[in-house]
Structure formats: C-alpha cells, structure tokens
Amino acid sequence: MTKYEAKIPFRLLWAFLKRGNRWTLALIMFLMAIAFVNMFFVSSLFDGVIKAADQQVIDASTGHIMILPDSKNDEIINAKDAIQKIKSIPEVVGASGSTILTTTLTYNDIKGTWKTIAINPDDEKTVTKISERMIEGSYLDANDTSSIIIGRQIAGGEDVEGDAFSFKDAGVGDTVTVGINGISKDFMIAGIFYSKFIDTDQQAFITQAALKDYVPTLDGMINRIVIRLDENADETQVLGQIQALDIKGTAYSWEDAAGIMKSVTKSFLSINVLMTLVASLIAAVTIFIVIYINVSGKRQQIGILRAIGVKPSLIVWSYVFQAIVYSIAGIIVGTAIFFVVLVPYFVAYPFSLPIGDASLVFNPLDYFVRLETFIFVSIGAGLVPVLFITRIKLLNAIWGK
C-alpha cells in the first residue's frame with residue numbers, strides 16, 4: 001500500500017462524516033452510547049448488589065471479624081480480657097461481646113424457636129447498625145431488664161417473606177414470653193428492626209442485664225465477639241494480629257462467616273457474567289444495524305468509488321475507522337450519561353432489594369475491559385455489512401441493486 005493509498009480511508013471517513021446528515025450522526029452516536037451504557041450499566045448494578053449484600057452482612061451480623069468459641073468450649077474463655085486486647089489494636093473501631101441463645105418465643109399462642117442474643121447495647125452500636133434499622137419503637141437501653149427487640153421476620157405482617165412462620169403482625173408494646181432451658185419470662189417488645197439481612201431479621205435481642213436478671217447462671221457468659229474495623233484497615237492483617245493474641249476462640253473474617261450470603265453473591269457474579277454477554281450481543285447487533293443501514297444507503301457511492309479505482313480493501317478500512325469513531329463517540333457520550341445521570345440518580349434512589357439497597361459501583365478495571373470489548377465488537381460488527389456490500393458486482397452496486 002502506497003503512502004497516498006494509506007490516506008484514502010481517512011479521507012473517505014472525513015467525507016462520510018462531513019457530508020452526512022448531522023441529525024442522523026447524532027442519532028447514531030446516541031444509539032451507540034445507549035449500547036455502551038447497557039453494557040456497562042448491568043455490570044455496575046450487579047457489582048452494587050454484591051457490595052450491598054456484603055455490607056449487610058458486616059453491618060447486621062458479623063462485623064468485619066467475628067470470634068466464636070473453639071471446639072473444646074461453649075463460650076469464649078476470659079472474653080472480657082480478650083475484648084480489651086482487641087480494642088487496643090489501632091485499626092479496631094469497636095468490639096462487642098454477646099451471648100447467643102436458642103430460645104422459644106411465644107406470642108398470642110404462636111410459638112417458635114429463634115435465636116435471642118444478649119448484648120451490651122452501647123458496645124453493639126459500635127460494631128453493627130441494628131440500632132439504625134429500627135422500623136418501629138426504639139432500641140434497647142443498657143439497663144433495661146424487661147424489654148426485647150425482634151426482627152421483622154419474627155414480628156411478621158404484610159409483605160413479610162416469612163409471615164407464615166411469624167407472630168402475624170406483633171407490635172411495639174406487646175408481650176412476648178421467652179423460654180430458655182425450661183425457664184420462662186415475659187418481655188415487652190420495645191422495637192422491631194429490619195436489617196435486610198434475613199438471618200439477623202430472624203433474631204431477637206435483649207440486654208446482658210436482662211439475661212443476668214433472667215438466668216443468673218449465664219451471667220458473664222460470652223460466646224460471640226463482633227469486631228468492626230476502620231474503613232481503611234487491612235482485614236487480613238488485623239485478623240492475623242487478633243489470632244496472635246492467643247484468645248480462646250476462633251476468629252473468622254466476615255467472608256468466612258457470611259454463610260448463605262456467600263452463595264448469593266456467587267450467584268450474582270454468575271448472573272453478571274451472563275448479562276454481560278447478553279449486553280455485548282445487544283451492542284454487536286446495534287452496531288451491525290447502524291453500520292448496515294449506513295452502508296446500504298451509500299451503496300451507489302461505494303460502487304462509484306470502486307469504478308474509479310479505489311480498492312475495496314481501502315473502502316473496508318474507511319468503514320472500520322468509521323465504526324471505531326462511532327464506538328469512541330458512544331463511549332464518551334455513554335460515560336457522560338452514566339456519571340452525570342445514572343450514578344446521581346441511584347445515589348438518591350438506591351435500587352431496593354431484600355438483601356440491601358444497591359447503587360451503581362464504578363470499577364475502573366471493569367470499565368476499561370468493557371471499553372475495549374465495545375470497540376472490538378464495534379469493529380467486528382461493522383466489518384460484516386461492509387464486506388458484504390464491497391463483494392457484490394460492480395454494476396449492481398452502481399445501480400444500487
């Protein structure tokens with residue numbers, strides 16, 4: 001290819017863009033932008049859902065690190081001393097010891113078995129956000145020995161997923177009978193919480209002062225320590241520091257303690273991959289249609305170019321560059337739509353799910369992978385109609401047949 005021939009695709013590209021209808025060009029770029037947004041939006045939304053689900057586990061149940069008794073004990077030995085040691089680690093924001101109890105709860109002749117957790121409310125506020133998720137009533141006071149707060153799944157009511165096994169719309173001020181090891185006591189429902197983490201929403205909370213008054217033999221027993229870290233902390237490093245403290249218990253990261261939520265997030269990752277493939281296919285079809293219509297409308301021009309000696313390969317390259325220009329324009333406009341319109345909207349109005357409120361998450365690496373994919377898909381989808389048009393008979397192309 002001579003130096004002059006190398007300039008021909010760019011000259012043709014410039015002529016197509018300069019002489020083309022501006023509104024048509026704007027529409028093409030808008031369609032390309034929507035195709036790119038669709039490709040990137042789905043991934044960002046699923047990343048947001050996964051992040052929201054993970055955050056719910058941390059905020060409503062495990063904190064960043066959770067310590068449970070080792071296999072030889074039913075409680076964490078010297079738990080109070082262990083908590084003080086843990087709090088001395090600079091990256092630790094809070095640590096709360098609690099007692100997990102398997103209890104029977106009875107309300108209006110409805111009886112069920114749920115976990116009741118005895119906590120120090122002031123410490124618990126530093127590690128979980130249950131106190132911020134009250135939908136009725138109020139949170140516990142550290143000195144309250146007669147109140148209980150219950151999760152939405154226990155209280156029941158309209159639109160509650162587990163209403164069939166709940167108290168059927170129990171409310172604040174109602175009385176619940178708690179049974180532990182054959183000992184029963186009436187508690188007043190002080191509040192109902194909705195954490196959007198179903199395992200936590202199937203639990204009830206009382207104070208450690210109430211447990212001491214209710215079952216004195218369990219006073220001081222702690223079988224769970226929940227730890228919250230600074231946002232910038234290295235969880236693996238802090239976990240190693242905690243394990244080095246020789247605490248009579250086993251420390252787990254929130255990911256190891258997440259349980260069923262790990263399966264949920266893995267499912268979302270699989271769906272994300274599938275939806276990304278679908279979005280790529282939609283982008284390819286959109287680009288193919290745009291280029292095909294554009295090329296079909298210029299069939300006679302392409303025939304004339306061939307008739308005056310322009311090689312078909314040069315015409316093909318001009319449309320390849322055209323597809324690249326359209327894709328880059330679509331990326332620029334699509335990125336603007338994403339950050340100026342979609343991100344602020346989802347920040348103001350998160351996508352509400354039973355496992356959390358999801359916003360869009362921007363992942364730079366993921367963005368550039370999709371950017372490159374979009375450009376390559378554009379080139380591939382743009383090549384097909386151009387190759388088809390340039391291979392028809394010259395006279396047919398000139399006559400537009």
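Me: What makes two aromatic rings a pair, and how many does a search of the whole structure find?

Reply: Rings of Phe, Tyr and Trp (its six-membered ring) pair if their centres lie within 6.5 Å, and planes under 30 degrees apart count as stacked, over 60 as edge-to-face and the rest as tilted; a search of the whole structure finds 17 aromatic pairs. This is a predicted model, in which local features need pLDDT of at least 70 and side-chain atom pairs count only at pLDDT 80 or more, while totals for chains, interfaces and linings use all residues. Residues are numbered from 1 along each chain as its sequence is written, and side-chain values use heavy atoms, with hydrogens and water left out.

Me: Why is the pair of phenylalanine 36 and phenylalanine 40 called stacked?

Reply: The centres are 6.3 Å apart, with 15° between the planes, and these values fall within 6.5 Å and under 30 degrees, so the pair is stacked.

Me: Why is the pair of tyrosine 345 and phenylalanine 346 called edge-to-face?

Reply: Here the centres are 5.6 Å apart and the planes make 80°, which is over 60 degrees, so the pair counts as edge-to-face.

Me: How do you know whether tyrosine 345 and phenylalanine 346 are buried or exposed?

Reply: Buried means under 20% relative accessible area, exposed over 50% and partly exposed in between (1.4 Å probe, protein chains only); tyrosine 345, at 46%, is therefore partly exposed, whereas phenylalanine 346, at 11%, is buried.

Me: What makes the charged end of arginine 152 sit over the ring of tyrosine 194?

Reply: The criterion is NZ of Lys or CZ of Arg within 6 Å of the ring centre and within 35 degrees of the ring normal; the charged end of arginine 152 is 4.3 Å from the centre of the tyrosine 194 ring and sits over that ring.
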